[in-house]
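Colleague: Could you take me through one part of this model in some detail? I'd like to get a feel for a single sheet and for one residue in it.

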Amino acid sequence: MINAPSRRAFFAGTLAGLALPAVTPAGAEATSTRAARRGSLPARPNILLILADDLGWGEIGSQGQRLIETPNLDRLAAEGVRFSTAYSGAPLCAPSRCALLTGLHAGHGTVRENPEGGPQRSLTDADLTFAELLRLSGYRTACIGKWGFGPEEPGQDSHPNVRGFDEFFGYIGHRHAHQYFPKYLWHNGEKVTLDGRSYAPHLFRERAVEFIRQDGDDPFLLYFATNLPHSPSVIPGGGGVYENRPWSGPNRRHAAQVARLDTDVAALIRALRDTGRADDTLVLFTSDNGPHREKGVTPWLFDSNGPFRGDKRDVYEGGIRVPMIAWSPGLRPRVERQPVAFWDVLPTLADLAEVPVPAHLDGLSFRGLLTGDDAPRHDHLVWNRPRKAQAIRRGRWKLVRFDPNIAGAGPQGRVELYDLTADPGERRDLAAARPDLTERLQNRLDGSIGPDPRTPYGLRTELTGDQVVVTLHNGSAEPWRDVRLGLDGSPKVRAHAVARVEPGMSISVGFPRRSGKITARADFESGGRSHVFRRAHQGEVAPVTLR
């Protein structure tokens, strides 16, 4: 667990940081020591996952942006792996983030719609996030910024602390994240009152830098989910260097938001270099969906969606194609064109952390693509907006389907077919010319939308009478051998070994209950590696008198 600063010290330091000057662009920083082997990754690297909010595919310079300067992101792209065909989990926030966290696309995931589409579901105890997975294997974890799944209550199953993050600082709910000068934010389970004059992205940046600078031998996972450049276009100082451009006020401020995002990335990279952690870290930068056109912002001014059709909320390429950059000093600079999607992130992080990958996910690990090697390819990719629109991509072909009376469709709905190789802008509908292909893709799409296919995975604890029951679920695709369950702490307790736990099976062992902190432990072998899982019991443990 993280030894976090006290609430008073934390906020005093963070608010004091508001007076600091802007971060020097990464291009002016000294380059960190390069790994001797180019194209390599460190074993069990630190993970810094940066998620922008509504940043379009074409809003950074490395992907053609000419009006907004993003030198720090451009440098990461030039030094790392730029994925030219990266897809978000959905064309809007909540279902996209659910796909990122859980490895399931929006045809299977728990959260498939934003609040305006009806009641938004929350994550549940059945959802295994990449944070839970990495924390089991010894990573210290933090989520800083926009979580996006309510309710705003501590301790409930959808809270970041319950879903695998040792530390959380930011917005819990979706709509609260629209407030750039909030009256409160959450720090773990505590609602912290603010004065309404503190710019939330700055608080997030300062807290993220503090997290990176914390001492510790364990690797870390930092999920930095800023709300930049989501609407409204609010930023201290107005449009900054864009203030005199002949654009509308919202467009000038939007450009300044993107530029601010770029300097925030520079601050995090600088913290990695200053602490000597850069060589042991993988940075993954992306955005949750295509560009917005809200509250006066006109994305066509900036060519925010690049050559693609549509923007936020559209299942056309402009709504779901997003920037993605992977950076680590040992990587060989390259552009990767193989399609990857948000639901690939969880299995990739599991692969990097050397943790058994959960079975029955929609995602596939793209670790090989980071180093120029092969990686498994998807048979197809799926996007689902219930009662609105769906899309499927298989190879060069993409089918888009609108529900009745949606986006100009008639009472029977509408189906469109595009050849993305010849027509990446989705301008020539070929559905009428290829009826057999259209039908096959529709059938495959229908078969890809349904209930959650996963099986339980990981460690669980339950207090039953005078016992602590520890349960290990093998939710992977491989058997786990030489399994030993026990409790850490003083005194340590170990159970007899179980020779083999098959995929989809669980074992449970009861131990005498004791007061104080309870941490379950499982030792096992899988995939030729030894693994140790630990999980602290959630909730308070009252003193117990054993008879």
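Modeller: Sure, here is the sheet, then the residue. Keep in mind that this is a predicted model. The sheet is an open one made of four strands, in the order 14-15-16-17, and the pairing is antiparallel. Strand 14 (381–385) and strand 17 (414–419) sit at the edges with a single partner strand each, so one side of each has no neighbour in the sheet. From one strand to the next, the twist averages 10°.

Now for the strand 17 end. Strand 17 pairs with strand 16 (residues 397–402) in the antiparallel sense, over six bridges. To find your way in, look for Arg-401, whose bridge partner in strand 17 is Val-415. There's a helix to look for too: helix 11 (residues 435–447) lies across strand 14, strand 15 (389–394), strand 16 and strand 17, and runs at about 70° to strand 16.

The residue I'd pick is Glu-416, which is found in strand 17. With a relative accessible area of 5%, Glu-416 counts as buried, because the cut-off for that is under 20%. What does its side chain do in there? The side chain of Glu-416 makes a polar contact of 2.7 Å with the side chain of Tyr-316, and another polar contact, also listed at 2.7 Å, with the side chain of Tyr-418. If you leave aside neighbours within four places in sequence, Glu-416 is in contact with Lys-398, Leu-399, Val-400 and Phe-402, and also with Arg-309, Tyr-316, Asp-429 and Ala-431.

Terms used: Residues numbered from 1 in each chain as written. Predicted model: local features only at pLDDT ≥ 70, side-chain atom pairs only at ≥ 80, totals over all residues. Heavy atoms only, no water. Pairing = 2+ DSSP bridges. Helix = DSSP H or I, 4+ residues; strand = E, 2+ residues; numbered from the N terminus. Axes fitted to C-alpha atoms, helices over the stretch in contact; angles between N-to-C directions. Contact = heavy atoms within 4.5 Å. Buried < 20%, exposed > 50% of the residue type's maximum accessible area, 1.4 Å probe, protein only. Polar contact = N/O pair within 3.5 Å; in protein donor to acceptor, adjacent residues only side chain to side chain.
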